[in-house]
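Here are my notes from a first pass through the model. Have a look at the fold first, then see whether you agree with the points below.

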Amino acid sequence: MALLPILEFPDPRLRTKAVPVDPPRLADPAFQRLFDDMFETMYAAPGIGLAASQVDVHQRFMVIDVSEEKDRPMVFVNPEIVSREGEQVYQEGCLSVPGIYADVTRANEIDVRFLDREGKPQEMRVDGLLAVCIQHEMDHLDGKLFVDYLSPLKREMVRKKLAKAKRNAA
């Protein structure tokens with residue numbers, strides 16, 4: 001396994017809309033290794049979700065593990081939200097926007113349809129943190145970031161703060 005570089009805001013590649021995965025590709029050992037590399041990268045970051053777009057792979061899949069023990073890894077291939085209910089405000093962060101957190105309003109409960117790691121069709125109804133995480137990662141697959149929910153002024157402040165941090169790190 002290998003750690004993958006995570007793209008950071010405002011990298012324009014984060015705005016790329018991901019294309020669907022051709023299901024037969026899931027049988028490819030290299031594709032399966034990519035899932036493992038993404039989990040390793042996500043856990044090391046540390047995070048609870050990682051969309052393929054964040055590691056410069058512009059295909060519709062993501063890995064998630066919201067468990068405290070980091071022992072419930074989930075793969076969502078070609079996910080689609082088929083229904084949304086309620087509303088919740090959650091303070092979100094993002095591996096592509098390090099050190100920045102903001103309140104974002106999302107659906108409280110969702111029904112999501114997807115293929116699992118083996119290519120088997122699945123459908124789940126989820127709520128709470130898992131629902132937030134799925135919606136957040138699906139935004140990445142559509143070229144959207146959680147900072148897009150912020151006002152233009154706050155978004156510009158985030159961009160400047162990250163640019164300054166990068167300069168100071170160099």
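1. Some terms to start. I call a residue buried under 20% relative accessible area, exposed over 50% and partly exposed in between, using a 1.4 Å probe and protein chains only. Helices (H or I, at least four residues) and strands (E, at least two) are DSSP runs, numbered from the N terminus. With that, strand 6 (residues 109–115) is mostly covered, since five of its seven residues are buried.

2. A word on the input: this is a predicted model, where local features need pLDDT of at least 70, side-chain atom pairs count only at pLDDT 80 or more, and totals for chains, interfaces and linings use all residues. Residues are numbered from 1 along each chain as its sequence is written, and side-chain values use heavy atoms, with hydrogens and water left out.

3. Strand 6 has partners in strand 3 and strand 7; two strands pair here if DSSP finds at least two bridges between them. Strand 3 (74–85) runs antiparallel to strand 6, with six bridges joining them, and V77 stands opposite L115 of strand 6. Strand 7 (residues 121–127) is also antiparallel to strand 6, over seven bridges; there, F114 has Q122 as its bridge partner. Strand 6 and strand 7 make a hairpin with five residues between them, and G119 in the turn has a positive phi of about 90°.

4. Moving to the other neighbour of strand 3: strand 2 and strand 3 pair in the antiparallel sense over four bridges, with V63 matched to V75 in strand 3. Strand 2 also pairs with strand 1, antiparallel over three bridges, and A51 has M62 of strand 2 as its bridge partner. Both faces of strand 2 are covered: F61 and V63 are buried on one side, M62 and I64 on the other.

5. Helix 1 (residues 29–44) has 16 residues and reaches 22 Å from first C-alpha to last, close to the 22 Å expected at 1.5 Å a residue; the expected span is 1.5 Å times one less than the number of residues. Its buried residues include F31, L34, F35, M38 and M42. An α-helix has 3.6 residues a turn, so residues three or four places apart point the same way. The cover over the buried residues of helix 1 includes strand 1 (49–51), strand 2 (61–64) and strand 3 (74–85), going by contacts (heavy atoms within 4.5 Å). At the start of helix 1, a side-chain oxygen of D28 comes to within 2.9 Å of the backbone nitrogen of A30.

6. How many residues of helix 2 are buried? It is 12 of the 14, so helix 2 is largely enclosed by the rest of the structure. Polar residues are on the buried list too, among them Q135, H136, E137, D139 and H140. D139 counts as buried because its relative accessibility is 12%; leaving out residues up to four places away in sequence, D139 touches R106, K144 and Y149. Helix 2 is followed by G143, whose phi is positive, near 80°.

7. R155 belongs to helix 3 (residues 152–169). At 23% relative accessibility, R155 counts as partly exposed. Residues up to four places away in sequence aside, R155 touches F9, V147, D148 and L150.

8. Please check the backbone at these spots. Most residues other than glycine have a negative phi, and most peptide bonds are trans. F9 and P10 are joined by a cis peptide bond, omega about 10°, and P10 is in the segment before helix 1. The bond from A45 to P46 is cis as well, with omega near -10°; P46 sits in the loop between helix 1 and strand 1. K70, not a glycine, has a positive phi of about 55° and lies in the loop between strand 2 and strand 3. N78, in strand 3, is another residue other than glycine with a positive phi, near 50°.

Notes:
A polar contact is a pair of N or O atoms within 3.5 Å; within protein, one must be able to donate a hydrogen and the other to accept it, and residues adjacent in sequence count only if both atoms are side-chain atoms.
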